Amino acid sequence: MTTIPSSEQPGASPLVLPHPVRAAYLAAEGFEAPLTEELRRKGVAPMGWHGRLALSSTSPVAAVWALDTWLEPELHPVPSIGAAAALLRARQRNWACHAVAHHRRAALIEARLPPVRARPLVFPAAAPTGHLGAWTLLAPDMMLLSTRKTSPFVNGTVQFIEDRVGPPSRAYLKLWEACARLGVWPCPGESCVDLGASPGGWTWAIAQCGAGVTAVDRADLDPRVAAMPGVAARRDSAFGIEPADLGPVDWMFSDIIAYPPRLLALARRWVAAGTARRIVMTIKFQGGTDHETAEAFAAIPGGHVLHLWHNKHELTFFWERDPS
């Protein structure tokens with residue numbers, strides 16, 4: 001058993017770790033509960049929390065509500081700032097600090113490491129490919145580190161140089177992040193459909209890439225978006241229209257507000273139709289988190305689910321047709 005002294009916060013209790021830490025899961029701010037529920041459904045009960053980092057004594061499991069998962073955590077005593085920096089430098093070059101407490105000491109350690117430039121991305125851009133580890137101070141003289149983690153971004157945070165003039169809403173940032181995670185995005189000459197498009201944030205982002213897009217909604221697009229080259233508006237129900245009616249497309253996008261089971265049925269219909277090469281769809285939750293439906297999305301062959309940095313109480317479903 002390891003007892004970590006309390007943090008700098010007044011009244012904080014010591015962190016007691018009865019077993020070695022074998023995985024750590026970083027929740028997005030305010031989404032610790034869905035992550036805890038998901039882990040428990042998979043038989044994982046966190047030993048404790050260090051800020052938004054859930055510490056587990058069992059081997060890592062796939063957790064869609066984790067912005068980042070530390071796959072090989074190690075606990076090390078670090079009697080000095082120099083010793084901490086030397087330990088990290090000896091293991092690898094690139095490190096991201098998850099600072100929860102002991103901020104001054106963490107900053108001094110970070111200053112002795114090669115800088116990791118988490119500059120905002122200029123879309124279109126793929127996710128970083130450099131090998132990035134993670135570390136945090138559980139106490140001034142105790143470090144938790146992991147040389148391997150699931151997110152290529154610093155603490156799972158994905159920032160872009162935003163366009164605050166063109167798009168009618170900030171929803172386009174979810175599409176940008178989804179494409180950055182995939183490493184591909186709509187290109188000139190490709191055809192796309194945006195289901196439930198109004199007011200047009202995702203349609204705007206697709207058209208900005210130079211692809212053609214059919215925006216399907218019973219409501220109007222923002223006039224500025226409707227006038228963009230390559231945009232064709234179709235007044236119809238996203239749930240009522242048949243995939244074959246839109247012909248073969250390279251991308252199907254959907255940011256519809258609807259109950260998850262209805263979205264799951266829509267996704268399955270498009271997958272079964274085989275008319276789209278890729279699907280990117282937001283799974284929006286109303287009230288509690290529907291973990292069962294999220295798991296059903298993840299079980300679709302060729303698909304996977306993530307909680308993006310720009311998602312709120314929602315997940316993003318990705319699917320790609322088998323090229324064979």
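Me: What makes up the domain division of this chain?
Reply: In this predicted model, the chain is split into domain 1 (23-155) and domain 2 (171-320). The C-alpha centres of domain 1 and domain 2 are 31 Å apart.

Me: How do you know that domain 1 and domain 2 are in contact?
Reply: Contact requires heavy atoms within 4.5 Å. By that rule, 15 residues of domain 1 are in contact with 21 residues of domain 2. The area buried between domain 1 and domain 2 is about 1,600 Å², with carbon and sulfur atoms giving 71% of it. Val64, Trp65 and Phe123 supply 40% of the area that domain 1 buries against domain 2, more than any other three residues.

Me: Why is the pairing of Arg41 and Glu295 called a salt bridge?
Reply: The term requires a side-chain nitrogen of Lys or Arg within 4 Å of a carboxyl oxygen of Asp or Glu. The side chains of Arg41 and Glu295 meet at 2.8 Å, N to O, so the pair satisfies the 4 Å limit. Across the interface of domain 1 and domain 2, the rule finds one salt bridge. Helix α1 (residues 32-41) gives the most to the side of domain 1 that touches domain 2, with four residues.

Me: Why is Asp250 called buried?
Reply: Buried means under 20% relative accessible area. Asp250 has 18% relative accessibility and therefore counts as buried. Asp250 lies in strand β14 (residues 249-254). Leaving aside residues up to four places away in sequence, Asp250 touches Glu190, Ser191, Arg277 and Arg278.

Me: What makes His102 notable in its backbone, and is His102 buried or exposed?
Reply: His102 has a positive phi of about 55° although it is not a glycine. His102 sits in the loop between β8 (95-97) and α3. With a relative accessible area of 5%, His102 is buried, because the cut-off is under 20%.

Me: How do you know whether Asn155 is buried or exposed?
Reply: The relative accessible area of Asn155 is 16%, and buried means under 20%, so Asn155 is buried. Asn155 also has a positive phi of about 55° although it is not a glycine. Its place is in the loop between β10 (142-146) and α4 (172-182).

Me: What is the form of the peptide bond from Phe123 to Pro124, and of that from Ser198 to Pro199?
Reply: The bond from Phe123 to Pro124 is cis, with omega near 5°. The bond from Ser198 to Pro199 is cis, with omega near 5°. Pro124 is in the loop between α3 (103-111) and β9 (133-139), and Pro199 is in the loop between β11 (191-195) and α5 (201-208).

Note on methods
Residues numbered from 1 in each chain as written. Predicted model: local features only at pLDDT ≥ 70, side-chain atom pairs only at ≥ 80, totals over all residues. Heavy atoms only, no water. Helix = DSSP H or I, 4+ residues; strand = E, 2+ residues; numbered from the N terminus. Buried < 20%, exposed > 50% of the residue type's maximum accessible area, 1.4 Å probe, protein only. Domains from an automatic or database assignment. Buried area = accessible area lost by both parts, 1.4 Å probe.
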